[in-house]
Amino acid sequence: MQTTRLGPPEHVLAGLQAAYVLVFNPGQHDEGVYTLQGRASEAHSYVLAFEATDDADRFAQLLQAEGFDLATPSIWDARQLTSFCSMGDFEVSLVPTGGMITPPAKNECAQRRVGGLSIQH
């Protein structure tokens, strides 16, 4: 089984046309994208992306069980995701098809705005 890939979007998304991201409140004034904060030694923040919608749905349900609003998997083409990451100084954490991940132990809702979207992690 492949492992989750982390890094700059142009490297992580190489060969992919699109990936699924988790969007909270799509189309609303407080629309947001789910991100992960790296460990203290690695100060990067990552947009969590999935190769498969089923895996994104599963993770969204796990987040909801931890008190988050239900996020909607939304397909973004690689250019859109790369552009968003560049604007917000994010890297990408890409979960391969069939990848089983769980939310981090410390999961909180912090917000900032990037390109009209609120970032939630």
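I take a residue as buried when its relative accessible area is under 20%, and as exposed when that area is over 50%. The model I am reading is predicted.

**Whole chain.** By that cut-off, I find 42% of the chain's 121 residues buried. I put the exposed area of the chain at about 6700 Å², with carbon and sulfur atoms supplying 49% of it. I then turned to contacts with a separation of 6 or more: 75% of those in the chain come from residues 24 or more positions apart.

**Elements.** I count three helices and eight strands in the chain. Reading from the N terminus, I get the order β-α-β-β-β-α-β-α-β-β-β.

**Helix H2.** I looked up residues 53–65, the 13 residues of H2. From first C-alpha to last, I get a reach of 18 Å, close to the 18 Å expected at 1.5 Å a residue.

**Buried side of H2.** Which residues of H2 are buried? I list Asp55, Ala56, Phe59, Ala60 and Leu63. They lie on the same side of H2 because they cover an arc of only 140° around the axis. I next checked what the buried residues of H2 pack against, and noted four partners: strand E2 (18–24), strand E3 (32–37), strand E4 (45–50) and strand E5 (72–77).

**Opposite face.** On the face of H2 turned away from its buried side, I find the exposed residues Asp54, Gln61 and Ala65.

**After H2.** I also checked the backbone just past the helix. Glycine 67, just after H2, has a positive phi of about 105°.

Methods. Residues are numbered from 1 along each chain as its sequence is written. This is a predicted model: local features need pLDDT of at least 70, side-chain atom pairs count only at pLDDT 80 or more; totals for chains, interfaces and linings use all residues. Side-chain values use heavy atoms; hydrogens and water are left out. Helices (H or I, at least four residues) and strands (E, at least two) are DSSP runs, numbered from the N terminus. The expected span of a helix is 1.5 Å times one less than its number of residues. Buried means under 20% relative accessible area, exposed over 50%, partly exposed in between (1.4 Å probe, protein chains only). The arc is that of the directions from the helix axis to the C-beta atoms. Contact means heavy atoms within 4.5 Å. Accessible areas come from the Shrake-Rupley method with a 1.4 Å probe; for residues, only the protein chains shown count as cover.
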